[in-house]
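Subject: A structure for you to look at

Hello,

I am handing over a structure that you have not met before, and it follows just below. After it come my notes on what turned up, grouped by topic so you can follow along on screen.

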Amino acid sequence: MITKVRLKNWRSHLESEFNFSTGTNALVGILGSGKTSVLDAICFGLFGTTPKLQSKKLKLDDIIMSKPLAKNRAEVEVHFQVDSKIFSVKRVVDRGKGTTYSEFRENGNLIEAPNSQRVSELVEKTLKVNYELFSKAIYSEQNALDYFLTVPKGQRMKKIDELLMIDRFEKARANAVTLTNRLIERKIGKQSIVDQVDIEKLEKNISDLKFSLNQILSEKNQLSRILEEVSSKREKLEEEVSELQKIRENLELLRREERGISSAIEETVKALKSMEAVKQTKEEIEKNLVELKRRTEELERELKERQMNYEKVSSLISESKAKIDFLKREKIEKLEKEVEEKLRIKEEFEKLKSQVIKKQLEEKKALYERFVGEVQELKAKIKDMNEIIQQLSSLEGKCPVCESALTEEKKSILIKQKQQQIKALMQRLEEAGRKKELSEDELRKVEGAIKKLDEMVVEIKDFDALMEDFESSKRLFAELSEQTIKAENQLSQIKREIGDMETKLKEAADEKQQLEILSLKQKNYEERKKRLDELIKEGKRLEAKIKETEEKISGKDLLKMENELKELIAKEKEVETKISGFDQLIEEKNSRIKEYEEKLKEAIKQKEELQKLERLIKDLKIFEKALEQTQIELRTEFVEAVNYTMNKLWPTLYPYQDFTGISLSIEEGDYVLQLKEKSGRMVNADGVASGGERSIACLALRIAFALVLAPHIRILVLDEPTMNLDSAAVKELATTLRERIGEFITQTFLITHQAELEDAVTGNAYRLERDKAKDGVTKCIPLT
């Protein structure tokens, strides 16, 4: 039983909650008020899809509220009860992303999240109903009460088989037929393989090969015994020959060593004779070495002093050259340029100084001031004239100067005279302004010349000190150059002395080496005398050992023994070759035996598999017939159960007496819905019955399907079931839903726009209202 449904942003539902109970629950409202959306939400909440989504009439984004406000997420939550347990399913759909979250709870405890597929599987397992069964048997879509009759004839059995899952039997039967055909093909192939193999001949060949193999093994064993005897003799003789060869090799080594000792004695005697020819004694050689060492140390000390002096003079030369270079680049050249510049400025200064500049400056200033005074005087006169003209223009009556009558004509003449005077003054002012500008330019030039003279005085003020510094730097440069030349000459002399000393040191080293060689020869003389005695003793010892070794091999013919050994080795190889030939024969015969045995084994295996295939084909044919019979029996039982349920409902659903019964039959391999006339004749509902009769027949079939296919949940969903029903049929349907259907159905959901069906409610009912003109949201009003 479904107990509660919550919707958020679902189609036209902003926030809606519905509580349902047993009996008939109803959602009443005008078209477009959001009634069907609630049933779609229940279906989506339980199974994650709806018939409209499956048929692509809607997309997932279409179930999210788009008006009056566009939302990005929709949520649905469905609570239901099975036995004494309360379950809930919640699903979330995000715009552009699809179902982003799903959860399944049992008694409030989270069982699964967020996998949508896994949640759907848990719902199906709990309700024992899948989506196909729910959407076809329990949930009647809007105006789709007659779904069964809308399915084309010839397709109804297929659709109902899918609901009953009988289609799986058909698939299994088809697979069984396919498998049987494949096994028959395989059997034919294996039969041809078995027919090609002569098992008796194979067994005889194996027996013959094994007999031949035993004879070869016997001969091989005889040869192996002979090989063992020959190998034993060969190993014994090999040891004796090896021992004699070692003694002979040792004898040869002793003789070579003896020859080496004799040679060493001769060389030592020669060396002793050459050493006796040395004239100096050991004491004289040592005395000369001491004197030579003292002389060498003295030369090395003097050489070191010369080298240090050389480094010192070289350093002084480098410093002097650096100073000379610095003086030349950084001081003398710069001072020379500065002196040249100062001399040029001094000459220019003397030239400017010779001119009477200060007198000129005074004259230019006086002339400029006279022109400035003249300009100011003229401007004042012009200003006065303008004021007089203004006064004349405003005067009337008498002249303020001569007291005579001042007529307009006279006033005009006076004004013109004054204007002419102003014009003349303006011309003089313009001329005086030009003279003033020329005088000002000349004054500026004279002032610039005086300023330049002052600057030159500053610049040549330190000329004498600069000259003194320049001459001093030149003298220092000359002194440093002279010192450097002397130092370089001294350095060349030191270099020559160092060369002479190095030559003397080399000569002393050569002499020392000769003396050391003589000293070493003197030392070796005693050692060689001692070594000569030892060599003579060693020669006598070797002579005795050679004699002893020769006695060991005396009387033994090594060559004969080596020939006998070669013959034994040849015989051994000959026997080994024969045994190897037998091994090849044995390997070949074993290979052929193995090949024949594998063929025999494969033939027996193929024969056994052929027998298994025959039994399997027989079993599959029996299984195919059993599946076919099971399908027939299941369809028969289903039809009987549906017909029993429909005829129990029919008198309550159909208030008239022209059709006394209803039946689901099979004709020409497909289902037909038939109505029973008073006469007992059966007629097809989709051919003879009126629209109302057809709808009631389909309602009876729908309820029967729900009860037969899903008896454990006993839920029926009817969306607008009254299409084509007259008022009497609608009234009778309401009575049936209210008073009679409870015997068969635990919970019914009724969607209708007809107020007459409100009387059918025995559970909870809601009126759904919505202002469609303003794209308003759905309002849910509980009906008491």
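The model, which is predicted, has 10 aromatic pairs. One of these joins Phe18 and Tyr766: the ring centres are 5.1 Å apart and the planes stand at 85°, so this pair counts as edge-to-face. Phe18 belongs to strand 2 (residues 13–19) and Tyr766 to strand 16 (residues 765–769), so the contact ties together parts of the chain that are 748 residues apart in sequence. Are these two residues buried or exposed? Both Phe18 and Tyr766 are buried. They also belong to one aromatic cluster, which is formed by Phe18, Phe20, Phe749 and Tyr766.

Another pair to look at is Phe47 with Phe134. Here the ring centres are 5.3 Å apart and the planes meet at 50°, so the pair is tilted. Phe47 sits in helix 1 (residues 35–47) and Phe134 in helix 4 (residues 131–138), so to speak of distant parts of the chain is fair: they are 87 residues apart. Phe47 is buried, and Phe134 is buried as well.

While you have strand 2 on screen, please find Glu15, which lies in that strand. Its relative accessibility is 58%, so Glu15 counts as exposed. From Glu15 to Ala174 the C-alpha distance is 51 Å, with their positions 159 residues apart in sequence.

Next, the helices. Helix 7 (residues 166–196) packs with helix 13 at an angle of about 160°, and their axes are 9 Å apart. Which way do the two run relative to each other, roughly parallel or roughly antiparallel? An angle over 145 degrees counts as roughly antiparallel, and that is how helix 7 runs relative to helix 13. The crossing of helix 7 with helix 13 is left-handed. The residues of this contact comprise 19 nonpolar, five polar and 12 charged ones.

Helix 13 covers residues 558–653, and Glu588 is found in it. With a relative accessible area of 44%, Glu588 is partly exposed. The C-alpha atom of Glu588 is 9.7 Å from that of Leu213, although the two residues are 375 apart along the chain.

You can find a similar kind of contact at Val269, in helix 8 (residues 199–275). Val269 is partly exposed, at a relative accessible area of 32%. The C-alpha atoms of Val269 and Lys529 are separated by 8.4 Å, while 260 residues separate them along the chain.

Now the cysteines. How many disulfides does the structure hold? The count is zero. Take Cys43, which is in no disulfide: the nearest cysteine sulfur belongs to Cys780 and is 19 Å away. A pair of sulfur atoms has to lie within 2.5 Å to count as a disulfide. Cys43 is buried, with a relative accessible area of 0%, and Cys698 is also buried, at 2% relative accessibility.

Last, a few details of the backbone. Most residues other than glycine have a negative phi, and most peptide bonds are trans. Where does the model depart from this? The peptide bond from Lys67 to Pro68 is cis, with omega near 5°. Pro68 lies in the loop between helix 2 (51–54) and strand 4 (73–82). Ala113 and Pro114 are likewise joined by a cis peptide bond, with omega about 0°. Pro114 is placed in the loop between strand 7 (109–112) and helix 3 (116–127).

For positive phi, look at Asn9 and Glu720. Asn9 is not a glycine, yet its phi is positive, at about 55°. This residue is found in strand 1 (residues 2–10), and at 9% relative accessibility Asn9 counts as buried. Glu720, also a residue other than glycine, has a positive phi near 50°. Glu720 lies in the loop between strand 14 (715–719) and helix 15 (727–740). With a relative accessible area of 5%, Glu720 is buried.

Happy browsing, and best wishes!

Note on methods
Residues are numbered from 1 along each chain as its sequence is written. This is a predicted model: local features need pLDDT of at least 70, side-chain atom pairs count only at pLDDT 80 or more; totals for chains, interfaces and linings use all residues. Side-chain values use heavy atoms; hydrogens and water are left out. Buried means under 20% relative accessible area, exposed over 50%, partly exposed in between (1.4 Å probe, protein chains only). Helices (H or I, at least four residues) and strands (E, at least two) are DSSP runs, numbered from the N terminus. Axes are lines fitted to C-alpha atoms, for helices over the stretch in contact, and angles run from 0 to 180 degrees between N-to-C directions. Angles under 35 degrees count as roughly parallel, over 145 as roughly antiparallel, 65 to 115 as roughly perpendicular and the rest as oblique. A crossing is left-handed if the near helix is turned anticlockwise from the far one by less than a right angle, and right-handed if clockwise. Ala, Val, Leu, Ile, Met, Phe, Trp, Tyr, Cys and Pro count as nonpolar, Asp, Glu, Lys and Arg as charged, and the others, Gly among them, as polar. Rings of Phe, Tyr and Trp (its six-membered ring) pair if their centres lie within 6.5 Å; planes under 30 degrees apart count as stacked, over 60 as edge-to-face and the rest as tilted.
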